[in-house]
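User: I would like to go through this structure with you, a few residues at a time. Shall we begin?

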Amino acid sequence: MTRVYLDHNATSPLRGPARAKMLDSLRAAGNPSSIHAEGRAARALVEAAREKIAALVGGRARDVVFTSGATEALNLALRPHWRGPQGAPTRLLLPAAEHVAALDGHRFGDRAEILPVDSNGLLDLAALDAALARADGPPLLCLQAANNETGVLQPVTAVAEKVHAAGGLVVCDAVQAAGRVACTFETTGADMLVVSSHKLGGPQGAGALVLRDAALRCDRPLIRGGGQERGFRAGTENVAAIAGFGAAAEDALAHRGEEAGRLAALRDRLEAELLRLAPAATIFGAAAPRLPNTTAFAIPGLSAETALMAFDLAGLALSSGSACSSGKVKRSHVLAAMGVSDDLTRSALRASLGWTSTDADVAAFSVALGDILARIGRKSAVLRPK
Ligand code: PLP
């Protein structure tokens, strides 16, 4: 059976150029810290990838810190040890719809304040203003450019202006936005950007924290040892993964404009089919600007767990929102923060498209959903047509 993969926000399949670059890099025998020719060849692969990640976010190569992924990059960024122009942040501001890697990965302890979001998942700007007005010292704010569950795009530039005016620093979690929409230091105004390789078609296990400029200082490494990655993150670099990350970023950036239009058209068609087959469906965040590739929806009375299994049996990979490490369907904290009822949250599904997606995928979604509704609808009073 041909599979239809609609879960690019969990992991986007490896792009051809990334695969080729990784295979090539596996032939490099050396350690990038060694000074012999083999070491220099490995170093060249890492530095070439650094240039490509810098180009993706409009930064400088020397300000790219490679990590094992975005979770680690957020753990590195969300610490009180950074010093900006106004000194070290004394508190952390976190919107409630951020990824758990930020919500649970920071080191501010009880000096972290959760900010509310509205019914579309957008940061409540009045609550932000109130938090910034409190004379509690310079804040560090972490804000996603795009939400992984709903695709909703935050007004990062406007938020960054407010935070900077209050003497604070901004970390932008660009994991879902980078390579899909323009997401650079210029478009966000952020001081640090976090990116992940496997969300843009690179291998899993690589990511980066990119700093806006050298004026940002931090004297506490995340991992101590040999001083690699400007001393922030010791340990021999994962050369093949970093090289694949760079190649994926370059490919995503090269095709971003045309892909955004193509995927938006596919996503809109998928949503039109959804509403034709299930007119009672809710599309989360539909009133806000969204990524072109993501739709999060719920069909009242159709549980996410049942639907995911039925789609899987029909050959389609969807998700219930955030991928949970236990493989179970977990209640979404994002939808809860948006005020979605428990009942509807239990029905929440996500389809996220990407470079492999085609018209045929949308057609397969429509056929599978029609079948599921017909089968489950026969058993369920809720879904039975009146
Ligand atoms: N931030 C967002 C918005 C994400 O979607 C994810 C992954 O789902 C992460 C951070 C963590 O990324 P990684 O898998 O590279 O650790």
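User: Is Asn75 buried or exposed?

Analyst: This is a predicted model. In it, Asn75 has a relative accessibility of 15%, so Asn75 counts as buried, the cut-off being under 20%.

User: Which helix is Asn75 in?

Analyst: Asn75 is placed in helix α3, which covers residues 70-77.

User: What does the side chain of Asn75 make a polar contact with?

Analyst: The partner is the side chain of Arg107, at 2.7 Å. Leaving out residues up to four places away in sequence, Asn75 touches Ala101, Gly105, Arg107 and Leu222.

User: On to the ligand. Which residues come nearest to the ligand?

Analyst: There are 13 residues around the ligand, and Thr71, Asp173, Gln176, Ser196 and Lys199 come nearest. Helix α3 supplies the largest share of this shell, three residues.

User: How many of the shell residues are nonpolar, polar and charged?

Analyst: The shell has three nonpolar, eight polar and two charged residues.

User: Which side chains have an N or O atom at a short listed distance from an oxygen atom of the ligand?

Analyst: Thr71 is one of them: an N or O atom in its side chain is 2.6 Å from an oxygen atom of the ligand. For His198, a side-chain N or O atom is 2.8 Å from a ligand oxygen atom. The backbone also takes part, with a polar backbone atom of Ala70 lying 2.8 Å from an oxygen atom of the ligand.

User: How much of the ligand does the protein bury?

Analyst: The protein buries 87% of the 400 Å² that the ligand exposes when taken alone.

User: Now the interior. Which residues touch the most other members of the largest nonpolar core?

Analyst: Ile53, Phe66, Leu141 and Val195 do, in a core of 50 residues. Apart from this core lies another, of 29 residues, with Phe297, Ala307, Ala351 and Ala368 among them. In soluble globular proteins, nonpolar side chains tend to be buried together.

User: What does Phe66 touch?

Analyst: Not counting residues up to four places away in sequence, Phe66 touches Val46, Ala49, Arg50, Ile53, Gly207, Ala208, Glu229, Arg233, Ile242 and Phe245.

User: Glu229 is in that list. What is the phi of Glu229?

Analyst: Glu229 has a positive phi of about 50 degrees, although it is not a glycine. Most residues other than glycine have a negative phi. Arg230 also has a positive phi, near 55 degrees, and is a residue other than glycine.

User: Where are Glu229 and Arg230 found?

Analyst: Glu229 is in the loop between β10 (217-218) and α8, and Arg230 is likewise in the loop between β10 and α8.

User: Why does Glu229 count as buried, and why does Arg230 count as partly exposed?

Analyst: Glu229 counts as buried because its relative accessibility is 6%, under the 20% cut-off. Arg230 is at 41%, and therefore falls in the partly exposed range between 20% and 50%.

User: Last one: Ala249. Where is Ala249, and what is Ala249 in contact with?

Analyst: Ala249 is in helix α8 (residues 239-277). Its relative accessibility is 0%, so Ala249 counts as buried. Neighbours within four places in sequence aside, Ala249 is in contact with Lys52, Ile53, Leu56 and Leu200. Ile53 is also one of the residues that touch the most other members of the largest nonpolar core.

User: How far apart are Ala249 and Ser197?

Analyst: Ala249 and Ser197 are 52 residues apart in sequence, and their C-alpha atoms are 7.6 Å apart in space.

Conventions
Residues numbered from 1 in each chain as written. Predicted model: local features only at pLDDT ≥ 70, side-chain atom pairs only at ≥ 80, totals over all residues. Heavy atoms only, no water. Core = buried A, V, L, I, M, F, W, Y, C linked by side-chain atoms within 4.5 Å. Buried < 20%, exposed > 50% of the residue type's maximum accessible area, 1.4 Å probe, protein only. Contact = heavy atoms within 4.5 Å. Near = heavy atom within 4 Å. Polar contact = N/O pair within 3.5 Å; in protein donor to acceptor, adjacent residues only side chain to side chain. Areas by Shrake-Rupley, 256 points an atom, 1.4 Å probe, with all protein chains shown as cover. Helix = DSSP H or I, 4+ residues; strand = E, 2+ residues; numbered from the N terminus. Nonpolar A, V, L, I, M, F, W, Y, C, P; charged D, E, K, R; others polar.
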